[in-house]
Amino acid sequence: MPLKTWIDEIAALCCPKRVHLCDGSQEEFDAIAAEMVRSGVLVPLNPHKRPHSFWCHSHPDDVARVEENTFICSQKKEDAGPTNNWKDPLEMKQILKKLFHGCMKGRTMYVIPYCMGPLHSPFSRIGVEITDSPYVVLNMKIMTRMGKTALERLDAASFIPGVHSVGVPLQPGQKDVPWPCNPMNRWIVHFPEERAIWSYGSGYGGNALLGKKCFALRIASTLAHKEGWLAEHMLIVGITNPAGEKKYFAAAFPSACGKTNLAMLTPTLPGWKIECVGDDIAWMHFGADGRLYAINPEAGYFGVAPGTSFKTNPNAMRTIAHDTIFTNVALTEDKDVWWEGMEILSASSPPLTSWLGTPYDPASGKPAAYPNARFTVSAKQCPIYDKEAENPQGVPISAILFGGRRASTVPLVFESFNWNHGVFLGASVSSETTAASKGEMGRLRHDPFAMLPFCGYNMGDYFAHWLEMGRKSSSEKLPRIYYVNWFQKDNAGQFLWPGFGDNSRVLKWIFERTDHKGEAIDSPIGRLPKTLDLHGLQGINLDRLLSVDRNAWLGECDELFGYFKLFGDRLPQGLMEELKALRGRLEQ
Ligand code: OXD
Ligand code: MN
């Protein structure tokens with residue numbers, strides 16, 4: 001449908017006060033931000049401490065992605081699969097029609113054309129988001145290539161339409177609230193066959209910035225399935241060894257498990273260098289040479305703030321030194337930001353405003369920043385932004401890492417025997433839940449490929465697609481696949497591995513393995529490092545970090561048999577064979 005026809009149709013349905021077609025200019029950003037400052041939604045930060053930056057806080061019930069309200073409305077229920085919520089598309093359209101009828105009354109309807117991926121990449125795709133949230137406009141300006149440039153590339157036949165409303169129409173004369181949202185009535189809906197997105201009731205993150213999870217993962221994964229490529233929840237990093245040789249790795253970890261930290265890592269190993277291509281999403285295609293190439297469809301980082309510090313991630317701290325939007329962190333007296341893990345507060349520290357916008361009481365036992373508080377910042381501000389990050393062809397991937405947050409059982413790192421075994425490793429990921437999604441924290445759940453909340457079709461078909469991708473190239477050209485776990489704890493609950501910059505020691509082994517160097521020992525679960533470079537690091541129990549507890553892994557197998565059953569006949573035979581082979585090796 002031509003863009004203009006679609007805009008008119010949505011305006012007629014939603015009845016906004018006015019329509020604004022975004023050009024993506026800095027002037028437009030500044031004007032919208034100034035208006036939000038006037039209305040008290042945004043607080044400008046101290047220009048001497050953090051120039052051109054803003055603080056805001058959301059409604060306390062609108063703080064994370066809402067997976068229970070997220071739907072894949074394929075024509076057939078089986079095509080959404082057992083891991084997605086599903087409703088019949090016609091039934092869902094009736095619901096949406098009612099919800100969106102008049103939902104933008106009294107508000108501006110913004111039309112945001114945006115490009116996912118470098119502007120001139122053959123792999124980039126165009127979306128248009130309609131929203132009644134000026135906060136979304138500002139965030140989309142940072143997170144995507146947005147406005148006129150995207151509009152020029154728009155092809156009426158193939159843009160991905162997305163409609164978003166906070167779900168709070170204003171009656172004439174009614175005063176707006178700072179963070180309008182409708183927590184009792186939230187719907188994040190995808191129609192994969194139509195390639196359309198509808199989102200209602202939330203103004204936060206992946207619920208509202210439709211280019212990110214809704215388009216670049218859920219809809220894109222269905223396109224990738226059809227067209228023979230991969231849309232993944234993965235960071236992309238460049239890694240250079242002391243000899244100046246460079247490789248690229250992609251890594252999938254569940255939300256809030258340290259993707260941004262790994263993507264911007266400062267190696268503790270001398271002479272090694274990391275550069276960042278992306279911290280959340282990778283679109284990967286085979287090149288003519290049979291290698292897998294990745295682009296980052298995003299243009300910014302929507303990173304978790306708590307825990308980020310000059311110790312854990314100095315590059316992120318430098319990235320967010322200016323021109324950043326902070327959501328749900330604490331505000332200091334001199335109008336800067338603060339969060340748990342940033343630096344120690346002393347008894348004499350000046351008082352804070354908590355993420356709720358109220359004076360913070362340290363004796364409350366509650367955090368000053370919400371655990372899923374975020375910064376939104378342009379990727380270009382990252383001091384180690386990779387020079388190839390905007391390469392339209394992408395960067396060649398030598399290794400793929402899967403991982404989760406596991407206190408026990410899963411060793412620090414191991415290598416798959418081959419592609420199919422690697423796919424099995426991706427499918428077998430379980431991780432403890434985090435604050436990135438609404439719900440209980442710290443509960444172990446299956447999160448295959450870190451895609452559980454983001455796969456837009458039947459996860460069984462997704463596993464089969466990964467196996468199929470491995471048949472498109474030869475084993476020496478395919479990336480090698482690894483499983484990592486930075487999060488093992490000892491009996492006293494202390495982490496066994498320091499993580500962060502010291503993860504470079506694991507990356508070094510992987511780098512050398514992809515060069516057919518670096519020694520490994522076969523184990524029933526995969527190939528373990530013979531040793532790691534622990535130079536300069538004391539008190540590391542490497543034996544424990546790399547140990548394989550056969551009984552625990554047999555338990556893991558039982559668990560996986562049960563989990564795989566969920567997919568019925570959509571589970572590819574190849575995965576069941578891998579699981580049986582693992583059990584066989586463990587029982588030997
Ligand atoms: C994210 C997430 O925001 O995964 O990246 O939740
Ligand atoms: Mn993510």
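A polar contact is taken here as a pair of N or O atoms within 3.5 Å. With that cut-off in hand, the surroundings of the ligands in this predicted model can be described.

Ligand 1 is a convenient place to start. An oxygen atom of ligand 1 is 3.0 Å from an N or O atom in the side chain of Lys 213, so this pair falls inside the 3.5 Å limit. Ser 255 also reaches ligand 1, with a polar side-chain atom 2.5 Å from one of the ligand's oxygen atoms. For Arg 374, the distance between a polar side-chain atom and an oxygen atom of ligand 1 is 3.0 Å. The protein buries 95% of the 210 Å² that ligand 1 exposes when taken alone. The residues that surround ligand 1 are Arg 65, Lys 212, Lys 213, His 233, Ser 255, Asp 280, Arg 374, Ala 436 and Phe 454.

Lys 213, His 233 and Asp 280 are found again at the metal. The manganese ion (ligand 2) is coordinated by Lys 213 through NZ, His 233 through NE2 and Asp 280 through OD, at 2.2 Å. Along the sequence, these donor residues follow the spacing K-x19-H-x46-D. The pair of His 233 and Asp 280 links distant parts of the chain, 47 residues apart. His 233 sits in the loop between β11 (230–232) and β12 (234–240), while Asp 280 sits in the loop between β14 (273–278) and β15 (282–286). Both His 233 and Asp 280 are buried.

Arg 374, one of the residues around ligand 1, leads on to the sheets, as strand β22 spans residues 374–378. Strands of a sheet pair through backbone hydrogen bonds, either parallel or antiparallel. Strand β22 belongs to an open sheet of five strands, ordered β2-β3-β18-β22-β17, in which the pairing is mixed. At the edges stand β2 (43–44) and β17 (300–304), each of which pairs on one side only. Within this sheet, β22 and strand β18 (residues 324–327) are antiparallel partners joined by four bridges. Phe 326 has Phe 375 of β22 as its bridge partner.

Another open sheet has three strands, in the order β20-β19-β21, and its pairing is antiparallel. Its edge strands, β20 (337–338) and β21 (352–353), have a single partner strand each, so one side of each is left without a neighbour in the sheet. Strand β19 (residues 330–332) is connected to β21 by two bridges in the antiparallel sense, and Leu 331 is matched with Thr 353 in β21.

Strand β27 (residues 480–484) is mostly covered, with four of its five residues buried. Strand β23 (residues 395–403) pairs with β27 in the parallel sense over five bridges, and the bridge partner of Leu 401 is Tyr 482 in β27. Strand β24 (residues 413–415), in contrast, runs antiparallel to β27 and is joined to it by three bridges. In β27, Val 484 is the residue opposite Val 413.

The loop between β23 and β24 deserves a look of its own, as both Arg 406 and Thr 409 lie there. Arg 406 counts as buried because its relative accessibility is 5%, under the 20% cut-off. Leaving aside neighbours within four places in sequence, Arg 406 is in contact with Ser 430, Ser 431, Glu 432, Leu 444, Asn 485, Phe 487, Gln 488 and Glu 556. Thr 409, at 17% relative accessibility, also counts as buried. The side chain of Thr 409 makes a polar contact of 3.3 Å with the side chain of Ser 408. With neighbours within four places in sequence again left aside, the contacts of Thr 409 are Ser 547, Ala 552, Trp 553 and Glu 556. Glu 556 is thus listed both for Arg 406 and for Thr 409.

A final buried position is found in helix α16 (residues 573–587), which contains Gly 574. Gly 574 counts as buried because its relative accessibility is 18%, and the limit for this class is 20%. Gly 574 and Asn 420 are separated by 154 residues in sequence, yet their C-alpha atoms are 7.3 Å apart in space.

Definitions and conventions: Residues are numbered from 1 along each chain as its sequence is written. Chains are lettered from A and ligands numbered from 1 in the order in which they are written. This is a predicted model: local features need pLDDT of at least 70, side-chain atom pairs count only at pLDDT 80 or more; totals for chains, interfaces and linings use all residues. Side-chain values use heavy atoms; hydrogens and water are left out. Donors are N, O and S atoms within 2.8 Å of the metal (3.2 Å for Na, K and Ca); water is not among the atoms, so sites may look incomplete. Buried means under 20% relative accessible area, exposed over 50%, partly exposed in between (1.4 Å probe, protein chains only). Two strands pair if DSSP finds at least two bridges between them. A residue is near a molecule or strand if one of its heavy atoms lies within 4 Å of it. A polar contact is a pair of N or O atoms within 3.5 Å; within protein, one must be able to donate a hydrogen and the other to accept it, and residues adjacent in sequence count only if both atoms are side-chain atoms. Accessible areas come from the Shrake-Rupley method with a 1.4 Å probe; for residues, only the protein chains shown count as cover. Contact means heavy atoms within 4.5 Å.
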